[in-house]
Every structure is written in structure tokens, then in C-alpha cells.
Amino acid sequence: MKVLAAGVVPLLLVLHWKQGAGNPLPITPVNATCATRHPCPSNLMNQIRNQLGQLNSSANSLFILYYTAQGEPFPNNLDKLCGPNVTDFPPFHANGTEKARLVELYRIIAYLGASLGNITRDQKVLNPYAHGLHSRLSATADVLRGLLSNVLCRLCSKHHVGHVDVTYGPDTSGKDVFQKKKLGCQLLGKYKQVIAVLAQAF
Amino acid sequence: MDDYHVTADDIFWKISRATVSRDQYTVINRTSSSVTFLNIPLINVLLTCNIRMFGQINRSVYGIRIISGLPPEKPENLSCIVNEEKKMMCQWDLGRETHLETNYTLKSEWATEKFEDCKAKRDTPTSCTVNYPPVYFVNIEVWVEAENALGKVASDHINFDPIDKVKFNPPHILSVNNSKELSSILKLTWSDSRFRSFITLKYDIQYRTKDASTWNQVPPEDTSSTRSSFTVQDLKPFTEYVFRIRCMKEDGKGFWSDWSEEASGITYEDRPSKAPSFWYKIEPSHAHGTRSVQLKWKTLPPFEANGKILDYEVTLTRWKSRLQNYTVQDTKLTVNLTNDRYVATLTARNTVGRSDASVLTIPAWDFQATHPVTDLKAFPKDNVLWVEWTAPSEPVNRYILEWCVLSDKSPCIPDWQQEDGTVHRTYLRGNLVESKCYLITVTPVYADGPGSPEHIKAYLKQAAPSKGPTVRTKKVGKNEAVLEWDQLPVDVQNGFIRNYTIFYRTVIGNETAVNVDSSHTEYTLSSLTSDTLYMVRMAAYTDEGGKDGPEFTFTTPKFAQGEIEAIVVPVCLAFLLTTLLGVLFCFNKRDLIKKHIWPNVPDPSKSHIAQWSPHTPPRHFNSKDQMYPDGNFTDVSVVEIEANDKKPFPEDLKSLDLFKKEKVNTEGHSSGIGGSSCMSSSRPSISSSDENESAQNTSSTVQYSTVVHSGYRHQVPSVQVFSRSESTQPLLDSEERPEDLQLVDNVDGSDGILPRQRYFKQNCSQHETSPDISHFERSQQVSSVNEEDFVRLKQQQISDHISQPYGSGKMKMFQEVPAVDAFGPGIEGQVERFETVGMEAVVDEGMPKSYLPQTVRRGGYMPQ
């Protein structure tokens with residue numbers, strides 16, 4: 001799983017990033033093939049809600065943990081440095097249909113997952129001894145991954161959506177340390193904000 | 001094959017150096033052969049192909065190693081658990097042994113992706129822990145694949161949400177707080193899993209008092225939702241409680257967490273919930289009109305004190321008028337009271353308040369206690385000593401139970417407890433020990449004072465006596481023994497002595513046991529063998545066993561008590577009687593005995609001439625009618641001497657001589673030398689035989705004898721006077737020459753037979769054998785003509801013996817003669833008989849009479 005989180009996901013994110021940064025992946029046509037490895041559980045939506053609740057319950061503490069771990073000036077300049085000013089963040093419309101909401105959720109989770117992967121990678125370099133932050137970032141990424149699986153299973157099994165175009169955030173690999181920390185803090189701030197909305201929407 | 005010039009028929013197979021049966025061979029062609037094994041007994045064997053060449057030489061052509069085994073069975077009972085903050089672990093059952101190297105792989109996947117396989121370690125092939133963190137709320141499908149050289153098989157797939165397999169970490173109790181407002185509650189606060197923020201948990205809370213071992217359960221419905229605190233109610237004031245808690249998913253899926261670490265808290269104080277137990281004891285007081293009363297009470301147990309007792313307040317009321325208050329921190333108070341009735345009250349106080357008052361009536365000194373409890377029983381049960389009783393008919397306020405250890409070494413120090421008036425069965429709440437005898441007293445307490453106490457003894461647990469009774473004999477008889485023993489001291493009894501057993505045996509005999517009731521202290525062993533050593537010991541038994549005492553030995557006597565006396569006494573009596581009879585006999589025969597052993601020796605110096613009364617009637621010798629005038633004829637011996645017997649019979653002659661002397665002596669009027677003339681004149685009645693005897697006596701050794709038989713100068717003596725001559729004149733020659741004594745033949749020729757020479761012989765010489773009868777026997781030999789007379793004589797003599805037991809001695813007769821003249825005819829008769837039997841001894845009246853004081857037979861007589 002760590003291999004997936006640390007290697008495959010960033011690679012996919014990078015690939016997505018290069019191929020269509022800012023452009024959502026197209027939804028699989030209705031008649032497209034949609035198959036899962038085994039049948040999806042019946043309580044899938046309940047699981048999605050629980051996952052959102054799980055993420056929501058830990059989002060704030062993750063955000064605090066992150067900016068605390070970054071040190072000054074982040075804790076005292078949250079509004080400036082950690083404001084949810086994330087460009088190209090996938091939109092979400094809570095009043096949409098379940099399918100639309102699930103598609104938008106899928107895009108958000110994919111975006112967050114890719115960004116969280118980047119942040120995790122950067123933090124292991126920038127704060128190699130912040131093991132608590134690392135594990136929390138990894139755990140959050142794992143939950144996002146599970147949520148993504150559930151949403152896809154739901155879309156596939158019920159709405160026959162086998163593929164959704166997704167967008168990803170900017171690549172931070174070329175940025176300086178502060179920018180990496182700032183982008184990560186802004187993303188976690190956005191994440192805390194969005195996940196609360198999502199948990200409320202489902 | 002061609003090189004060896006063999007065919008397929010020459011091929012044979014070996015497995016582990018053993019030739020395989022040809023039944024299992026199959027010849028494929030001229031150069032090929034196959035072998036078939038239906039069952040390989042070994043899992044690793046060597047199979048070789050061999051040929052038999054010319055000359056019976058065997059050669060291995062080829063060999064292979066056969067490894068046999070089984071394909072894996074389908075793993076069963078696959079299950080998984082997710083410990084919080086740890087990775088998922090699954091386990092399964094392998095099935096049968098494959099005997100081959102078999103790999104077990106745990107496979108897992110989501111609906112959209114597959115996870116890395118988890119390969120079970122060789123040493124733990126039944127479980128595997130995945131190496132990725134669990135992701136909750138995403139169903140995962142898990143199965144196990146078993147694979148070896150013979151095949152591959154997969155278990156059933158299980159699909160679950162890891163959140164339903166989770167075992168949370170136990171909650172952590174943060175605090176246990178009490179409330180001043182409510183002394184019966186404690187609030188428990190804890191922190192638990194981070195899951196509590198997004199899933200619903202339920203809790204299991206348990207509590208107990210500090211010293212208790214069992215837990216109380218908070219109702220599950222009160223803790224079926226996520227929470228971080230809980231208030232436990234209905235607790236006891238001022239009591240320390242211990243709590244623990246665990247959690248799991250509210251829907252029951254998953255596993256209970258482990259119990260949290262225990263945490264304790266103490267409820268707040270409350271006023272004492274019960275009045276203390278209150279009792280008193282009147283101590284001896286020297287002051288007149290007052291009593292020293294020790295009031296005592298029990299400290300309240302914590303569950304009744306409800307806090308720390310600060311002090312006790314005692315009030316004493318006499319006749320409802322005077323009130324005395326005491327504040328005591330101890331549990332006893334000694335006061336001097338008058339002989340009046342008092343009412344005492346007691347309350348206990350803690351920081352919150354006071355208890356109810358305990359009231360005790362101390363009756364006046366002349367109060368008579370009545371109405372005791374009945375049917376008092378005490379018995380051990382469940383390691384405590386229970387006391388049970390029947391309540392009196394009167395209403396009882398409460399009961400006081402007192403008990404103490406009965407001991408011979410230490411005094412009875414009572415402990416006590418109080419029970420409500422409704423109780424009639426309780427156990428003693430003290431530190432009772434086993435094998436001790438407790439004296440239990442139950443006293444009912446009425447409104448006006450205590451009732452009569454009742455006592456009973458009991459043991460918490462009995463044991464065998466630590467020492468056996470020491471038996472000893474109280475009395476040992478020939479066939480029985482009375483054993484006795486002392487009651488065992490209460491300190492060594494260790495229980496109620498139910499019975500004793502007496503074991504007794506002889507050295508070689510079997511042991512016999514006798515059971516004896518415990519109330520006895522002695523026992524009689526019967527049917528014992530006399531003169532036997534017995535070993536006896538004694539065992540005392542309680543309900544729990546017995547203990548032997550020391551062995552005691554005793555020996556039964558050979559004779560029973562009094563048996564020896566019963567034998568000895570009669571023997572002694574018989575001996576004594578015999579001796580007495582002998583003495584009496586000897587006394588009666590003393591004269592004869594005396595003659596034999598100590599004859600009378602007349603003292604010549606004291607002799608004098610007897611003076612006879614002139615009126616003494618003459619005596620006639622020839623009148624046959626006067627032979628036995630009164631039958632008084634005694635002590636006569638007759639000796640026959642055959643006429644043709646030319647033997648001199650010296651002994652008989654001596655006897656005759658002795659007889660004559662004795663006769664003279666016993667007649668009392670035999671005369672000595674000097675008195676011979678007087679004698680003959682004064683005693684005309686003396687027979688010729690006497691005269692003859694006198695003739696003989698003249699030659700005897702009697703030296704002196706004087707009889708005065710006539711009155712002097714015509715004076716008539718009133719009694720016969722005997723006088724012993726004091727003369728020292730020497731004996732006559734005839735007396736000194738007994739050979740001069742001539743026996744005269746009987747001239748009576750009418751007998752027609754040879755005349756017998758007869759003479760009298762003093763009978764004393766015959767007394768040793770047949771004192772009288774022999775006389776008659778010999779008398780019968782005297783003459784047949786006078787046989788009739790002899791019969792009469794014999795009869796007469798017998799009658800004399802009967803009528804005169806003392807008359808056997810002539811001397812005695814003569815002593816009596818002077819007093820009674822009637823004896824005179826008897827003497828005459830005797831003389832006449834002598835004449836009748838024809839005594840032919842030569843009588844010389846002129847010869848002085850003399851006699852031998854001692855028989856010749858005795859010999860060695862030396863005249864004085």
C-alpha cells in the first residue's frame with residue numbers, strides 16, 4: 001500500500017498531470033464496459049458516508065498537525081499562508097443527483113489523493129522526523145484511496161460509470177521548500193473545508 | 001539391453017533395496033518394463049531398475065527418488081481480525097497433512113483493485129498478517145490459496161468491511177470523581193478510540209468495592225452509545241470502588257476491546273446508617289450500694305459508619321430524671337452506678353452527622369432475668385460458626401451473642417456481637433480458629449433488661465485429639481480389670497469426644513477393641529486370663545478422628561482377691577483346730593505325757609506320813625459283789641505271762657514293777673519304807689495284788705512315801721491326809737535288786753491249762769498306741785472263764801471314759817478321793833478285779849511299797 005501511495009499514485013498523478021492538467025477526465029459512456037473484481041457491497045453509500053465522516057473527523061487535526069510541523073511562520077499566519085486558495089480544485093454541487101455528486105466526489109477525492117501524495121512525499125523530505133504527520137498523511141491518503149474505490153464501485157455498479165475524467169493540482173516537485181509547505185498547507189486547508197461539505201452532502 | 005543380452009523379462013524393480021513383486025510389473029516391449037505402486041508406504045523412497053545378467057549377476061540400471069505426498073486440502077474457517085492501529089491478521093485451518101512443501105497465500109482485494117499477497121511463514125502456516133494498513137469502510141475480499149507439487153486449492157472467499165473486524169484499543173479511564181451532594185455516586189471519565197468520532201461505540205463498565213472479588217455490571221443499555229463518561233449510582237457512602245471499562249462497535253460486529261486499566265474512587269461520607277451494637281458488663285465493686293458497669297460497644301463497620309467515626313456520645317438516665325453525658329472516642333466506658341435501673345443510649349458521630357441511638361437498659365441489681373431462648377444450636381457451615389435458636393415468647397429487642405475459647409490454660413475472654421430481635425440465626429463474626437472449643441452464650445434483651453442467657457459449646461472445625469487418654473488400672477482381678485482414665489483436657493480434645501476405644505491384647509494375642517461411651521471414665525475388662533500380661537491403650541475419637549494414648553501394661557494375678565485367704569484361712573483354722581485339739585488332747589493326757597517326758601519325781605524332803613481316819617471303813621477283797629460297786633474301775637492293764645514260757649520277760653517285769661509303783665503312787669496311799677506297816681494296817685482294803693505289788697515295791701527304787709491314813713491318837717481326820725516322807729533313807733535292798741522279785745505261779749489247778757502268769761502292767765506304757773482298748777484286748781486273753789467279767793469290765797471302762805473325761809489319770813482320781821468318799825468303792829472294785837483275774841503275784845504285806853518314778857523304757861533315770 002505504501003508502494004502504491006508512494007510510487008504508483010504519484011506516478012499516475014504525474015501522468016494525469018502531464019496529460020490533462022486542469023481538464024476533467026471524461027465520464028465513461030453508458031454503454032462502456034464497467035467491471036469490478038467482485039460485487040460491491042450493498043451498504044456502499046453508508047460506507048462512503050462513514051469514510052467522509054472519518055476524513056472529516058481528522059481533517060482539522062491533520063491541518064493543525066501539518067502547519068504546526070512546518071513551523072513558523074505558518075502557525076501564526078494561517079490566513080495568509082494556509083488559506084484555501086487552491087486553484088483548479090474540482091467543484092462540488094451538493095444539490096446534484098447522486099450520480100453527479102458521486103462523479104464530483106470522485107474527482108475531488110482523486111484531486112485530494114494526488115495532492116496528498118505530493119505533500120506526503122515533500123514532507124518526508126522537508127520534515128523527515130515528523131513521523132506523526134507522515135503517518136497521518138498516509139492514513140488519510142489510504143482512506144481517500146478506499147473512498148475512491150467505493151465511489152468508483154458505486155458509480156460502476158449502480159450508475160454504470162466505468163471511467164471519470166479527473167484533474168490534479170500543480171506539481172510541486174520543482175518548487176522551493178516554502179512553496180511546497182505553503183501549497184501543502186493551502187491544500188490541507190482546502191481539504192478541511194471541502195471534506196466537511198462532502199460529509200454533510202452525503 | 002542388447003549389450004547385456006537381456007530382455008524386459010530380466011528387469012526387476014527395487015524400492016528401498018527391496019525387490020518389488022513381479023505382480024506389479026508390466027512388460028511393455030522386449031526392452032521396456034514398468035512397475036505400478038498402488039500405495040507408497042514411505043514419502044521418500046529410492047526406486048531402482050535392475051537387470052539380471054548372465055551368471056545371475058544383478059545390476060542396477062537406473063534409479064530415481066520418489067517423493068510422495070498429498071495435494072493440499074481446502075483451507076477452512078478463514079477469519080480475520082483488525083487490531084486498532086495494527087494491520088489485519090487472518091487465520092485458517094490447514095486440513096490434512098500433505099507431506100509436501102505447501103505454500104499458503106492470503107489473497108485480498110477490493111472491488112476495484114488487488115492487494116499484495118500475504119505469504120504465510122513456514123512456521124505459522126495457519127495465519128498471516130498483511131503488510132498494508134487497514135482501510136475501513138471499504139469491503140475487502142480475502143481468501144487463502146494452498147499450493148504444493150500436487151496441486152493448488154483456494155479457500156472460500158470472505159468479504160467484509162474491516163471495521164466489522166476491528167478490536168479497538170481499550171479506553172483509558174481519566175478520572176473517578178465523587179459528589180458531596182450525593183454520597184452514593186461516582187462519575188467515571190475516559191478517553192477511547194479515535195473511531196468514536198465517526199462510528200458508534202458501546203461500552204461495558206464494571207465496578208466493585210475495593211475488597212470485593214466480584215464485579216458489578218453497569219446495565220449495557222445505559223452504555224450502548226458513544227460517550228466519554230458515566231455516573232455510577234447506588235453506591236455505598238464512604239466506600240472505595242474500583243472501575244474498569246471496555247468498548248466495541250455499537251452494532252456488535254467486531255470484538256470487545258481489552259479491559260482498561262482499573263481506576264478507583266471513594267464515595268463521599270454520609271451519616272452513620274446504623275446504631276452501634278451496645279452491651280454492658282457489671283464488674284465487681286467493693287463499694288456498697290454501687291456497681292461498676294462497663295459499657296461497651298462495637299465500632300461500626302465501614303458500610304454502616306459511612307465515614308470516619310469521630311466520637312461516641314453516651315448518655316445515662318436514672319429514673320428518667322438525671323442525665324449524664326459522656327463523649328468517648330474509645331469503644332468502652334466504665335461508670336459507677338447505683339443499684340437502680342438505668343437507661344443508656346449511644347450514638348456514633350462522623351463529619352456528616354450522628355447515627356441513631358442505641359438504647360440499653362441496665363436493670364436494677366435485684367432484677368431477675370427470665371425468658372431465655374430455647375433450642376439453642378451451634379454448628380459450623382461454610383467455614384463459619386452458625387448459631388440458631390428459637391425466640392422466646394416475649395418480644396425481644398435484640399440478642400447479644402457472646403463467645404470465648406474454653407481452655408484449661410487461659411481464661412475465657414469473651415467476644416460478642418449483637419443481632420436484631422427478628423434474627424434467630426446468625427454466624428459468629430469473629431476470628432474463630434479451628435479445633436478450639438467455643439462457649440457461646442445467647443442473651444435475649446428485652447425492654448426492661450436482659451433475659452436469661454443460654455449457653456452452648458461448639459467447634460468451628462473439629463480435629464482429632466492431639467493427645468490420647470492415659471488409661472490406668474483401678475483394680476486388677478484374676479479375670480477382670482477395672483480401667484480408669486481422666487477426661488482429656490479441653491485444650492487437647494480438638495472436638496467433642498464422641499467415644500473411646502480401648503484396645504487390649506496379650507503379648508501374643510490379637511488385639512481386642514472395645515468402644516466406650518465418652519461419658520464414662522472407667523471400664524471393666526472381663527474375661528481376662530489370669531496371670532497374664534496385658535497391654536492396653538485407649539483412643540479418644542472426635543468427629544474427625546481419633547488419637548491413641550500411651551500404652552499401659554498390667555498383669556492379672558494368679559489368684560483372685562480373697563482366694564488365697566479362702567484357702568489359707570480354712571487351712572490355718574483347721575491347723576489351729578487340730579493344734580487345739582492336740583493341745584486339748586495333750587492337756588487331757590498331760591499326766592501320761594508327763595510321765596513319758598517329765599515324770600513326777602517325789603521330793604523326799606517333803607514327804608510325811610499320812611494320817612488316816614480311824615473311821616475309814618475296812619475294805620474287803622474277796623467279796624465278788626463288791627468288785628464293781630460303782631463301776632469305777634479305770635486305768636487297768638493286764639499282762640499275761642504264759643506259765644510255760646520260761647523267758648524271764650524282763651521288760652514285762654519292769655513294766656509290772658512300774659505299774660505297781662504307779663499304782664501305789666496313784667492310789668495316793670502307797671507307803672514308803674518307813675510307812676509300810678502303817679500302810680498295810682491302815683489300808684486293809686488293798687488287795688493282795690497290792691500287797692503283792694507292795695512286795696515288789698519293796699525292791700523298787702521308791703525311797704520315800706508316807707501316807708497317814710488314820711487318825712492320830714484316836715482322832716478322826718476329816719479328810720484323808722497325805723504326807724510325803726522327807727526321809728532320805730536309802731532304798732531297801734529289795735528295791736535295789738529287782739532280780740529278787742519272784743513271780744509266783746498260779747496254783748489254781750482248775751484251769752486245766754497251763755497256768756498263766758498274770759500281772760498288772762501299768763497302762764501308761766501302752767498309751768501311745770492304744771491307751772485303753774489294748775488293755776481290754778489283753779484282758780480278753782486272760783481267761784475264758786472270766787470273759788463275762790471282762791466284758792463288763794470293758795463296758796464299765798468305756799462308760800468311765802465317757803463320763804469321766806479326766807479320769808484316765810490315776811493321780812487325778814486320787815486327788816479327788818479325799819473330797820468324795822464315794823470314790824473309795826471304785827478303788828475297791830479295782831482291787832477286787834485284780835483279785836478276780838487271778839493275779840498271782842506274790843504279795844508280801846510286810847514289804848514296804850515302793851515304785852519307780854519313771855518307766856524303765858525311758859531309761860537313764862537317776863533317782864533324786
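These exercises walk through contacts, salt bridges and aromatic pairs in a predicted model.

**Exercise 1. The interface**

Task: Describe how many residues of chain A and chain B are in contact, and how much area is buried between them.

Solution:
- Step 1. Count the residues on each side. Chain A brings 22 residues into contact with 19 residues of chain B.
- Step 2. Recall how such a surface is sized. The accessible area lost when parts come together is often used as the size of an interface.
- Step 3. Apply that here. About 1800 Å² is buried between chain A and chain B. Carbon and sulfur atoms give 57% of this area.

**Exercise 2. Polar links and the side of chain A**

Task: Find the polar contacts and salt bridges between chain A and chain B, then say which elements of chain A take part in the interface.

Solution:
- Step 1. Start with the salt bridges. Two are found across the interface of chain A and chain B.
- Step 2. Look at one of these contacts in detail. A:Arg145 pairs with B:Glu113 in a salt bridge, and their closest N and O atoms are 2.6 Å apart.
- Step 3. Check the cut-off. A salt bridge needs the nitrogen and the carboxyl oxygen within 4 Å, so 2.6 Å passes.
- Step 4. Turn to the polar contacts. Between chain A and chain B, 11 residue pairs are in polar contact, with both residues at pLDDT 80 or more.
- Step 5. Locate the elements. Helix 2 (44-70) and helix 5 (131-157) of chain A each give two or more residues to the side that touches chain B.
- Step 6. Rank them. Helix 5 of chain A gives the most, with nine residues.
- Step 7. Sort the side of chain A by class. The side that touches chain B has eight nonpolar, 11 polar and three charged residues.

**Exercise 3. Salt bridges in chain B**

Task: For three salt bridges of chain B, give the N to O distance and decide whether each partner is buried, partly exposed or exposed.

Solution:
- Step 1. Recall the idea. Side chains of opposite charge can pair when their charged atoms come close.
- Step 2. Set the scale. Over all chains, the structure holds 36 salt bridges.
- Step 3. Take B:Lys249 and B:Asp251. Their side chains meet at 3.0 Å, N to O. B:Lys249 has a relative accessible area of 9%, so B:Lys249 is buried. B:Asp251 has 41%, so B:Asp251 is partly exposed.
- Step 4. Take B:Lys478 and B:Glu563. The closest N and O atoms of this salt bridge are 3.6 Å apart. The pair links distant parts of the chain, 85 residues apart. B:Lys478 sits in the loop between strand 38 (471-476) and strand 39 (481-485), while B:Glu563 is in helix 3 (residues 563-588). B:Lys478 is partly exposed at 24% relative accessible area. B:Glu563 is partly exposed too, at 25%.
- Step 5. Take B:Asp548 and B:Arg537. Their salt bridge spans 2.7 Å, N to O. B:Asp548 belongs to strand 44 (residues 545-548) and B:Arg537 to strand 43 (residues 533-542), 11 residues apart. B:Asp548 is partly exposed at 39%. B:Arg537 is at 17%, under the 20% cut-off, so B:Arg537 is buried.
- Step 6. Look beyond pairs. B:Lys107, B:Lys114, B:Asp117, B:Glu145 and B:Lys152 are linked in a network of salt bridges.

**Exercise 4. Aromatic pairs**

Task: Describe the geometry and place of the pair B:Phe115 and B:Tyr132, then do the same for B:Tyr534 and B:Phe554.

Solution:
- Step 1. Begin with the total. The structure holds 18 aromatic pairs over all chains.
- Step 2. Inspect B:Phe115 and B:Tyr132. Their ring centres are 4.4 Å apart, with 15° between the planes. Planes under 30 degrees apart count as stacked, so this pair is stacked.
- Step 3. Place both rings. B:Phe115 is in the loop between strand 9 (103-109) and strand 10 (118-119) of chain B. B:Tyr132 is in the loop between strand 11 (127-129) and strand 12 (140-148), and the two residues are 17 residues apart. Both are buried.
- Step 4. Inspect B:Tyr534 and B:Phe554. This pair is also stacked, at 5.7 Å centre to centre and 20° between the planes.
- Step 5. Place these rings. B:Tyr534 lies in strand 43 and B:Phe554 in strand 45 (residues 552-555), so the pair ties together parts 20 residues apart in sequence. B:Tyr534 and B:Phe554 are buried.
- Step 6. Widen the view. B:Trp110 joins B:Phe115 and B:Tyr132 in one aromatic cluster.

Methods:
Residues numbered from 1 in each chain as written. Chains lettered and ligands numbered in written order. Predicted model: local features only at pLDDT ≥ 70, side-chain atom pairs only at ≥ 80, totals over all residues. Heavy atoms only, no water. Contact = heavy atoms within 4.5 Å. Buried area = accessible area lost by both parts, 1.4 Å probe. Polar contact = N/O pair within 3.5 Å; in protein donor to acceptor, adjacent residues only side chain to side chain. Helix = DSSP H or I, 4+ residues; strand = E, 2+ residues; numbered from the N terminus. Nonpolar A, V, L, I, M, F, W, Y, C, P; charged D, E, K, R; others polar. Buried < 20%, exposed > 50% of the residue type's maximum accessible area, 1.4 Å probe, protein only. Phe/Tyr/Trp six-rings, centres within 6.5 Å; stacked < 30°, edge-to-face > 60°.
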